[in-house]
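Reader: I would like a close look at one part of this chain, namely the helices that pack against one another, and I would be glad if the answer then followed the thread outward to the loops and strands that deserve attention.

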Amino acid sequence: MKLKKQVTVCGAAIFCVAVFSLYLMLDRVQHDPTRHQSGGNFPRSQISVLQNRIEQLEQLLEENHEIISHIKDSVLELTAHTEGQPALPHHTPNGSWVLPPESRPSFLSVSPQDCQFALGGKGQSPDLQMMAVYSLLPFDNQDGGVWKQGFDITYEPNEWDMEPLQVFVVPHSHNDPGWIKTFDKYYYDQTQHILNSMVLKMQEDPRRRFIWSEISFFSKWWDNISAQKRAAVRRLVGNGQLEMVTGGWVMPDEANSHYFAMIDQLIEGHQWLEKNIGVTPRSGWAVDPFGYSSTMPYLLKRSNLTGMLIQRVHYAIKKHFAATQNLEFMWRQTWDPDASTDIFCHMMPFYSYDVPHTCGPDPKICCQFDFKRLPGGRINCPWKVPPRAITDANVAERAQLLLDQYRKKSKLYRSKVLLVPLGDDFRYDKPQEWDAQFLNYQRIFDFLNSQPNLHVQAQFGTLSDYFDALYKKVGIVPGMRPPGFPVLTGDFFSYADREDHYWTGYFTSRPFYKSLDRVLEAHLRGAEILFSLALAHARHTGTDGRYPLSDYALLSNARRNLGLFQHHDAITGTAKEAVAVDYGSRLLHSLTNLKRVIINAAHYLVLGDKNTYHHDPAAPFLGMDDMRASQDSLPEKTVVKLGTLPRFLVVFNPLEQERLSVVPVLVDSLHTRVLSEEGQPLPCQLSAHWGSATDVVPDVYQVSVLARLPALGLRVLQLHESFGRPTLASSVRLYLHGRDLPVHQQEAIPLHVFPAAANDFCLENQHLRACFSGHSGLLQNIRRAGEEQEQRVSSEFLVYGTRTSKDKSGAYLFLPDGEAKPYVPKDPPVVRVTEGPLFSEVVSYYQHVQIMVRLYNVPGVEGLSLEVTCLVDIRDHINKELALRFSTDIESDDTFFTDLNGFQIQPRRYQRKLPLQANFYPMPTMAYIQDARSRLTLHTAQALGVSSLASGQLEVVLDRRLMQDDNRGLGQGLKDNKRTCNRFRLLLERRSTANKVQDERPVSFPSLLSHLTSMHLNAEALVLPMAQEKLPPLALRSFLPLSTTLPCDFHILNLRTLQAEDDSLPSAEAALILHRKGFDCSLEAKNLGFNCTTSQGRLALGSLFQGLELGSLQPTSLTLMYPLGAAPNSTSIHLDPMEIATFRIRLV
């Protein structure tokens, strides 16, 4: 109590000082003669006086903001010392639970400048805005003649007389790291032979060129070749014959992948290239991803690449860009105010990246120049005219035929430099193919180049050879904007390759693995950060000799397995069943290893006396939070067994913000108390552990603890079996809906069984009231605290069928048989309602899905949204897709918003002129709809397909089971469905300052609360029980790594220890990757119950990590390939909104 008084007095004193300072400043403004003269040469009119006043006010606001920040820090510091535990909840006479008010103040202190960014207004408008292009095009799919999806191309023979055509033929081999075969099988059957032949054949003629992109394959091959061969490869790269393009671990999918994993696989590939070959990629090559995200050009630009190429874009957009010569453009981020994100992009014009579709508009002719298809080989030309080997007798005629195609293709572009890729999937795997392609093409080039009247210069080239020649032709250095080329913003989803065949099914295909991908990603980020901190502290105290440095190899392997899964046939769910099992096994193997890395780091960091640390791999100090029996099973939570001695738990919070969370633990005793490390009791809720709708698992209970978890830190808790005061139990109502089902219950937890259905009912906390249909158990509406009116948010399950015609939905395509029909289960649902002090929930059990909606009764982020979990099992469906739709009163018209890779938001418009399936988009982390008053955001923990098919609606496809192939090469349907858990949060926010002009702009941002909600959903706290047989050593202490609170628009994307010379060991350096999020201030932020401050992008890194100093700090390009300027003297950094920045640091 005494301490509380002190805090109040100190707080009041600081406040008085602030007010007095403000008064003094105002006084100073009034009397300061220099201030009056700041108008310079302007006449002393009223306008300039007014301007002065406004400027003074802005400056005062700024200074005031800084003072308030200081006050806040001081108060926070004081309350941090006084803060005991969250106070215990109590029951009110009307039967609801009430949490006492928070003992700590909560702040939302956002500097006015930090709100300006989302308002935009700076920068010029782009020439091409993709949403506007979509609105403009008729999408009429007219027959274009030999170029089916295009038009006839004509030219005048003398067009090149003044400026000859420069042709670069770029040989390539597209190697999928898993698709029809597994990664290893492809390597042994094909890829190693391609690369071995490459070394041999490229050395035969210095004019030959080749490009390669997938480092996953290249590094495996490198590990298996001689030093002599390695030297030959370095020579080929050094003399420009072989180019490594993009240089990522894989060519990632751009729809479902999360930006953490996209960056991680890019770093993994670039670090490998730098270390082994000493090369830095300059150009991006993405011929096969099924649609393109604008996140990728940003990442490539920040990695110092200067050009990029894309191919799978909607055929109508290709035709439109070809007709307007806009196939090459500067791709800019929608939010970029100053063109600093521009990167030059080349879009291929035709149907495919194979040889028939790359030399020019007529595939019948181009196929005749794919010399792998010479008669007698295994593949031929579907157009029935085979290639002919080039001889002296036919070279003039053949060269003329090919040149005609080159000239026509070049008419679609603005420069007289032409790119002609030459390759296909797994090409060049035999020496005979190298000879057939390279010798025949060289004869054609020699002929063309010897005829001055043809005005053409043709040669083999790499991708960068092409870009360099183009830049030279237009007179700029790489990276600059070429004069006369358009600027484009937006993305290229959703993709159709012909007719109405939209590739929107893969946004959901195999959702089990899409979910496992994100679980592994969250564990990798957590393990990277904890390992880096533990190693830095171990080195700092000189105990690193005892630390298991071998964990670094586990981290490295997990990076590579996560990277491999970002491949465009892996996370997409478009590989063969056996290949999906191989990916799943790799993901699970790494998940288990990362849990070990986290356990070893946590063990070290919570020890009071680091000298007592002993790593015993056979008997780990901490246990795992859950286990998965196999790669396709859901996790089973660990049950903590209680006895006479207390059991210790270490809870890891992977967020860079402190969080107040409800932490669930399964125990074997009804009589459980949870204490802090100081022995203070913590608020708990006791619930039954349900095995099914009506069966309780015997002798297992869930204890949910309300605990404050330090940012990126470890909190030590103790569990006691205590027969004193019972833990606060929840009460359960079970509605059987007229079904005759036996119910197995436990004595201790009050359970009321009702044979019929319920009436409509509501659950509420201090922020929200959510009401449900008694009949279906599904959500009907939400009312926010302090508002009269509830908002309709009704949910329903729907089923899409597939067409009866020849083309049906498959792993890639979504071809529904019309609008979705309501899901009609065989039996009505069993509905279970649980109410308790820390959370209440409704679970509705249907035949193919059980849905849980949970409301946390806690202050802060977790209590401000609804947690929604769907456990889906459609293994008995035939050609059906299950969707969840939310319908609201929000007047969203035809506009909705989806995220791209968890990095940025892209506004979408429902296009009535397009078929239903064209209006689905990827949703890696969130989608929202809004009107002038409200915004409803669906946050997701796994990538799924999403749409808004009518005003006020938002729907997500949960799973799809399809019995046939969709003719895109896979040769299988999707029949390997699993029981899949899809996790969401539903956030309803009030918009306070909506503005029509603002809402029409092609850019949008989540609120800070929305960002934090997404982080809470995607980075769950990990509960690590101390291994049972161990007695705790003398002292376990919670670990608080950060000495200051990070501004809440900053995200530590990673703290990644870099490899030493021996790549299985860690070096003393780490990559600190920071992202400053863009956010919208127009969403109301009252009584949020958590602390949040922004700092205009400033962060002092020198004092960020408690107990460690910054030995060195070097800003670098995104993937650490280039230092950005000299190492600064100061350790304070500045980041603009939306930017991601990498720093090479040494913690000492």
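Author: The chain exposes about 43,200 Å², of which carbon and sulfur atoms supply 53%. This is a predicted model, and every value below is computed from it. The chain has 1148 residues, and buried residues make up 62% of them. It contains 20 helices and 51 strands, and among its contacts with a separation of 6 or more, 76% are accounted for by residues 24 or more positions apart.

The close look can begin with helix α7, which covers residues 215–222 and is mostly covered itself, since 7 of its 8 residues are buried. Those buried residues are Ile215, Ser216, Phe217, Phe218, Ser219, Trp221 and Trp222. They pack against several elements, including the helices α6 (183–202) and α8 (227–238) and the strands β6 (210–212) and β7 (242–244). Their partners also include α9 and α17, and these two helices are taken up in turn.

Helix α9 runs over residues 259–276, and its length can be checked by simple reasoning: at 1.5 Å a residue its 18 residues should span 26 Å, and because its end C-alpha atoms are 26 Å apart, the expectation and the model agree. Like α7, the helix α9 is mostly covered, with 16 of its 18 residues buried. After α9 comes Gly278, whose phi is positive, near 70 degrees.

Helix α17, the other partner, is formed by residues 551–565, and it packs with helix α18, residues 577–606. Two packed helices are described by the angle between their axes and by the distance between those axes. For α17 and α18 the angle is about 145 degrees and the axes are 9 Å apart, while the crossing in which α17 passes α18 is left-handed. On the α17 side the residues that take part are Asp551, Leu554, Leu555, Asn557, Ala558, Asn561, Leu564 and Phe565. On the α18 side they meet Tyr583, Arg586, Leu587, His589, Ser590, Asn593, Leu594, Arg596, Val597 and Asn600. Sorted by character, the residues of this contact divide into 9 nonpolar, 6 polar and 3 charged.

Beyond the helices, some backbone details merit a careful eye. Most residues other than glycine have a negative phi, and most peptide bonds are trans. Against that background, Tyr428 has a positive phi of about 65 degrees although it is not a glycine. Tyr428 sits in the loop between β12 (417–425) and α14 (431–449), and because its relative accessibility is 1%, under the 20% cut-off, it counts as buried. Asp893 is likewise not a glycine and has a positive phi, of about 55 degrees. Its loop lies between β35 and β36 (895–900), and with a relative accessible area of 51%, over the 50% cut-off, Asp893 is exposed. The peptide bond that joins Phe493 and Ser494 is cis, with omega about 0 degrees, and Ser494 lies in the loop between β14 (487–489) and α16 (511–540).

Strand β35, which precedes the loop of Asp893, spans residues 880–888 and includes Leu884. Leu884 has a relative accessible area of 1% and is therefore buried. Leaving aside residues up to four places away in sequence, Leu884 touches Ser795, Glu796, Phe797, Ile851, Cys870, Leu954, Glu955, Val956 and Leu958. The C-alpha atoms of Leu884 and Val957 are separated by 6.4 Å, although the two residues are 73 residues apart along the chain.

A last loop, between β24 (731–735) and β25 (751–754), holds Ala748. Ala748 has a relative accessible area of 31%, and so it is partly exposed. Its C-alpha atom is separated by 8.2 Å from that of Ala729, which is 19 residues apart from Ala748 along the chain.

Notes. Residues are numbered from 1 along each chain as its sequence is written. This is a predicted model: local features need pLDDT of at least 70, side-chain atom pairs count only at pLDDT 80 or more; totals for chains, interfaces and linings use all residues. Side-chain values use heavy atoms; hydrogens and water are left out. Helices (H or I, at least four residues) and strands (E, at least two) are DSSP runs, numbered from the N terminus. The expected span of a helix is 1.5 Å times one less than its number of residues. Buried means under 20% relative accessible area, exposed over 50%, partly exposed in between (1.4 Å probe, protein chains only). Contact means heavy atoms within 4.5 Å. Accessible areas come from the Shrake-Rupley method with a 1.4 Å probe; for residues, only the protein chains shown count as cover. Axes are lines fitted to C-alpha atoms, for helices over the stretch in contact, and angles run from 0 to 180 degrees between N-to-C directions. A crossing is left-handed if the near helix is turned anticlockwise from the far one by less than a right angle, and right-handed if clockwise. Ala, Val, Leu, Ile, Met, Phe, Trp, Tyr, Cys and Pro count as nonpolar, Asp, Glu, Lys and Arg as charged, and the others, Gly among them, as polar.
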